[in-house]
Amino acid sequence: MFPQFYGLGKRIVYQILWGIFSTILVAITMAALYFWMRRTDIISAGYFRYDFTVVSGFIIFLNTLYLAIGLVQYRNLQLKTRTPNKEKPKAFADANENIVAIYPVERGFVAILKSGESVIWSKTIEQTLKELPEEEYFLINRSDIIHKSIIAGYQPGDSRRLKLILKEPLTSRKVFMVSQRKVVSFKRWYKEDLANNG
């Protein structure tokens with residue numbers, strides 16, 4: 001079973017592949033081991049005629065229920081991602097429009113401007129990093145880019161990550177976390193700015 005942060009297509013595929021098929025395979029393996037310990041063949045014991053149907057149906061039911069709950073949560077999360085000033089987003093943003101943060105949403109990315117406006121960002125992370133000055137922007141994890149100007153500090157997070165403290169919240173739900181692999185380089189990047197401004 002998988003949480004709701006995957007895209008819709010991947011979410012369904014992963015749920016079917018790992019939540020249903022892999023679980024059924026584990027159930028068959030455990031049943032075969034059980035009958036083997038009782039010196040009985042799983043096929044001749046009638047497992048696939050009776051028990052397998054019940055077990056498979058129960059697994060499919062649970063995964064369908066879990067998938068439905070996950071999709072509802074995913075939908076609610078998308079609905080709560082709004083601009084702070086509640087303005088309608090533009091179609092696209094240029095690289096020099098005072099961007100303070102870029103992070104992923106369904107089927108793409110969104111960029112937050114200094115004005116608080118949210119705009120659709122159509123470029124990839126690789127393209128974006130080539131265009132934005134590295135002394136001002138930092139890729140804190142696989143998908144989130146942050147500008148130094150909105151960082152007030154940071155504090156320890158879970159799994160040896162860092163939780164950024166922003167001068168002003170960008171959205172009500174978004175939390176910016178520096179991944180474990182990026183912690184050392186982020187601290188160096190952030191402290192260099194403090195030293196230059198100090």
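## Order of elements

From the N terminus on, the elements of the protein chain run α-α-β-β-β-α-β-β-β-β-β-α. That makes four helices and eight strands. The model is a predicted one.

The protein chain has 198 residues, and buried residues make up 34% of them. Its accessible surface comes to about 13300 Å². Carbon and sulfur atoms account for 59% of that area. Contacts reach along the sequence as well. Among those between residues at least 6 apart, 50% join residues at least 24 apart.

## Helix H1 and its surface patch

Helix H1 spans residues 8-37 and includes isoleucine 12. A nonpolar patch lies on the surface here. Its members are Ile12, Val13, Ile16, Leu17, Trp18 and Phe21. Together they have about 560 Å² of accessible area.

Is isoleucine 12 buried or partly exposed? Isoleucine 12 counts as partly exposed, because its relative accessibility is 31%. Patch residues need over 30% relative accessible area.

## Phenylalanine 35

Phenylalanine 35 is also found in helix H1. Its relative accessibility is 12%, so phenylalanine 35 counts as buried. The cut-off for buried is under 20%.

Which residues does phenylalanine 35 touch, beyond those up to four places away in sequence? They are Thr40, Ile42, Ala45 and Tyr47. Take alanine 45 from that list. Phenylalanine 35 and alanine 45 are 10 residues apart in sequence. In space, their C-alpha atoms are 7.9 Å apart.

## The nonpolar cores

The largest nonpolar core has 19 residues. Those with the most contacts inside it are Ile140, Ile146, Leu164, Phe176 and Phe186. Four elements are listed as giving two or more residues to this core: strand E1 (99-105), strand E2 (108-113), strand E7 (162-166) and helix H4 (183-197). The largest share, four residues, comes from H4.

A second, separate core has 12 residues. Leu113, Trp121, Ile125 and Leu139 are among them.

Phenylalanine 176, from the largest core, has a long list of contacts outside its neighbours within four places in sequence. Ala101 and Tyr103 are on it. So are Ile140, Asp144 and Ile146. The list also holds Leu162, Lys163, Leu164, Leu166 and Leu170.

## The E6-E7-E8 sheet

Three strands form an open sheet in the order E6-E7-E8, with antiparallel pairing. The edge strands are E6 and E8 (177-178), and each pairs on one side only.

Strand E6 covers residues 151-156 and runs antiparallel to E7. How many bridges join E6 to E7? There are five. One partnership is that of proline 156 with leucine 162 in E7. E6 and E7 form a hairpin, with five residues between the two strands. In the turn, serine 159 has a positive phi of about 55 degrees.

On the other pairing, E7 and E8 are antiparallel over two bridges. Lysine 163 has methionine 177, in E8, as its bridge partner. Strand E7 thus links the topics of sheet and core: E7 pairs with E6 and with E8, and E7 is among the elements that give two or more residues to the largest core. Leucine 162, the bridge partner of proline 156, is in contact with phenylalanine 176. Lysine 163, the bridge partner of methionine 177, is in contact with phenylalanine 176 as well.

Conventions:
Residues are numbered from 1 along each chain as its sequence is written. This is a predicted model: local features need pLDDT of at least 70, side-chain atom pairs count only at pLDDT 80 or more; totals for chains, interfaces and linings use all residues. Side-chain values use heavy atoms; hydrogens and water are left out. Patches are made of residues with over 30% relative accessible area and no salt bridge: like charges are joined within 9 Å, nonpolar side chains (Val, Leu, Ile, Met, Phe, Trp, Tyr) within 5 Å. Accessible areas come from the Shrake-Rupley method with a 1.4 Å probe; for residues, only the protein chains shown count as cover. A salt bridge is a side-chain nitrogen of Lys or Arg within 4 Å of a carboxyl oxygen of Asp or Glu. Buried means under 20% relative accessible area, exposed over 50%, partly exposed in between (1.4 Å probe, protein chains only). Contact means heavy atoms within 4.5 Å. A nonpolar core is a set of buried Ala, Val, Leu, Ile, Met, Phe, Trp, Tyr and Cys residues joined through side-chain atoms within 4.5 Å. Two strands pair if DSSP finds at least two bridges between them.
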